[in-house]
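Trainee: I should like to learn how interfaces, domains and cavities are read from a model. May we work through an example together?

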Amino acid sequence: MEKIYLDNNATTPVRKEVLEVMFDLYRGVPGNPSSIHFFGRQARGYVDEARRKVASTIGAEPSEIIFTGGGTEADNLAIQGIAFSRQEKGNHIITQATEHNAVLHVCRFLEEQGFEVTYLPVSREGLVDPAEVERSIRPETILITVMTANNETGVIQPVEEIGELARVHRVPFHTDAIQALGKIPFSVQALKPDLASFSAHKVYGPKGVGVLYIRSGTRVRPLVYGGHHEGGNRPGTENVAGIVGFGRACELAIDELETEGERLRLLRDRLRSGILEKIPNVKRNGAPDLLLPNTLNMSFEFVEGEGILLGLETEGIAASTGSACTSDEPEPSHVLSAMGVPGVLAQGSIRFSLGRENTRKEIDYTITILAGVVRRLREISPFHPEEGS
Amino acid sequence: MNIEAPYSDKVMDHFNNPRNVGEIEVPDGVGMVGNPVCGDVMKLYLKVKDDRITDVRFQTFGCGAAIAVGSMVTEMVKGKTLEEAIIISNKKVAEALDGLPPAKMHCSLLAEDALKAAIEEYRAKQEGMADVQSEHHQED
């Protein structure tokens, strides 16, 4: 059976062009970039080139790009790094309720360390109100962190406005842009954040490589110690092949951003209207006009999400409930709960996240299968009203 | 490489082809347990004659395991006496399905609890009817 992968916000397959450069690196570039001999200088050259590629993708200077061991580490380095380097100036952090756990759990850890965190609510559409961000700023506020786009719903936050407010009040601003990269235009020149996190495996690059953009002049305390690498911000011998793979993935993502974004938007809209047409009692989650082009989150009344996933999987379709990291937890998604989606409805929510390998045929097949799965599960459900009643 | 399946073939069979789904129009006992916010609710309907379960139906709002245990428990109790049925434990239901993943063992409790609740409701009704009958006798 052909498999259909509709979980590209969890991770994306490494694309052929990326794999090729990584393979060449593993085979032909054995050196440590810190070594001064030929092998070292060769590896250094590749890392520097990848750094330039990532930098130009987001409109940054190469010196502002810090390679990390992934997106979660980039978020940690940004938030802990600012918090601990600025604790003389204050102890207050502003974030919002639908952040990824890579931000929320760091904030909870910092609360245990004596920091105070304001978790701003979101509207029913999943949006933070910039006015509320401004009202929450205090003299002791040392960081504002708001994601660019949400992994579960695809909702794009008003980060430009929030960033502007942060600048006016002279508070460092971090944005987790992990889901945004490669899906919507993202430039640090337009947004002007002080810090921004990215991950390679969300853009058809390898797992285990991330980037933290740190605006020139912004200081963070490192998470680990042990060397001069990445300006001392992230010591440890560079993941050379992974970094080079990330550079190549960025280059391709930027080249294809417009055409692929539009193609995915059409496919996503086709999936959405097909579902709404074929399946009654369905609710869309997230501001419809402010979504990543590839993401669709819908709640199916009277049924539970895992049952839907299992039914889809039986027919070769992979989607997800909430974020991949939390799918073992029985609690409804914290993102949907924050948006006021009732618990029962949140339990019946599915995220479809499309990617470059998806076709129209796959989307049409998914709509048909999904309609059958939901119908069957509703027949089993004690909550489903009788036909016609 | 071996990809570990989330559920046994038997669980998948009961998920894909659940037995005894639905309601009983005039049930002798009904049990409903669970909490929809936590993602699992099971409703079990019994038809009882001479202390024996003659028919049983179930409905589940929940994950694949919750659906499979509902289906399995209906197969296990059909034709059994209430005494035989009420001692069916969640472990027995899980075993009959060739096991459940550890994180899903709590789902098998739904089956045990819904069955017990339905039997208890039946017995409470019987006692109530007995009381009413004896009251009638007193009035006579």
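Trainee: How much area do chain A and chain B bury between them, and what share of it lies on carbon and sulfur atoms?

Mentor: The size of an interface is often given as the accessible area lost when the parts come together. In this predicted model, chain A and chain B bury about 1800 Å² between them, with 67% of that area on carbon and sulfur atoms. The contact involves 21 residues of chain A and 24 residues of chain B.

Trainee: Which three residues supply the most of the area that chain A buries against chain B?

Mentor: They are Leu310(A), Ile380(A) and Pro382(A), which supply 31% of the area that chain A buries against chain B, more than any other three residues.

Trainee: How many salt bridges cross the interface of chain A and chain B?

Mentor: The rule finds one. Its partners are Glu306(A) and Lys104(B), whose closest N and O atoms are 2.7 Å apart. A separate count, that of polar contacts between chain A and chain B, gives six residue pairs, with both residues at pLDDT 80 or more.

Trainee: Let us turn to chain A alone. Which domains does the assignment give?

Mentor: The assignment gives domain 1, made of 4–11 + 257–388, and domain 2, made of 16–252. Taken over C-alpha atoms, the centres of the two domains of chain A are 29 Å apart.

Trainee: The same reading can be applied to a boundary within a chain. How much area do domain 1 and domain 2 of chain A bury between them?

Mentor: The two domains of chain A bury about 2500 Å² between them, 56% of it on carbon and sulfur atoms. Leu257(A), Leu292(A) and Met339(A) supply 23% of the area that domain 1 of chain A buries against domain 2, more than any other three residues. The contact joins 30 residues of domain 1 to 30 residues of domain 2 in chain A.

Trainee: What are the counts of polar contacts and of salt bridges between domain 1 and domain 2 of chain A?

Mentor: There are 16 residue pairs in polar contact between these domains of chain A, both residues being at pLDDT 80 or more, whereas the salt bridge count is zero.

Trainee: How many cavities of 30 Å³ or more does a search of the whole structure find?

Mentor: The search finds four. The largest cavity holds about 200 Å³ of space. It is lined by 22 residues, and the closest to its centre are Gly182(A), Lys183(A), Tyr204(A), Glu260(A) and Leu264(A). By class, this lining has 10 nonpolar, six polar and six charged residues.

Trainee: From which domains is the lining of the largest cavity drawn?

Mentor: Domain 1 and domain 2 of chain A each provide at least three residues of that lining.

Trainee: What lines the second largest cavity?

Mentor: The second largest cavity holds about 50 Å³ of space. Its lining consists of Arg272(A), Arg284(A), Asn285(A), Gly286(A), Pro288(A), Leu291(A), Leu296(A) and Asn297(A), which divide into three nonpolar, three polar and two charged residues.

Technical notes. Residues are numbered from 1 along each chain as its sequence is written. Chains are lettered from A and ligands numbered from 1 in the order in which they are written. This is a predicted model: local features need pLDDT of at least 70, side-chain atom pairs count only at pLDDT 80 or more; totals for chains, interfaces and linings use all residues. Side-chain values use heavy atoms; hydrogens and water are left out. On a 1 Å grid over the protein atoms alone, a cavity is a set of points where a 1.4 Å probe fits but cannot get out, and a pocket is an open set with protein on both sides within 12 Å along at least five of seven lines; lining residues have an atom within 4 Å of a point. Grid points are joined across faces, edges and corners, and a volume is the space filled by probe spheres set on the points. Ala, Val, Leu, Ile, Met, Phe, Trp, Tyr, Cys and Pro count as nonpolar, Asp, Glu, Lys and Arg as charged, and the others, Gly among them, as polar. Domain bounds come from an automatic or database domain assignment. Contact means heavy atoms within 4.5 Å. Buried area is the accessible area (1.4 Å probe) that two parts lose on being put together, summed over both. A salt bridge is a side-chain nitrogen of Lys or Arg within 4 Å of a carboxyl oxygen of Asp or Glu. A polar contact is a pair of N or O atoms within 3.5 Å; within protein, one must be able to donate a hydrogen and the other to accept it, and residues adjacent in sequence count only if both atoms are side-chain atoms.
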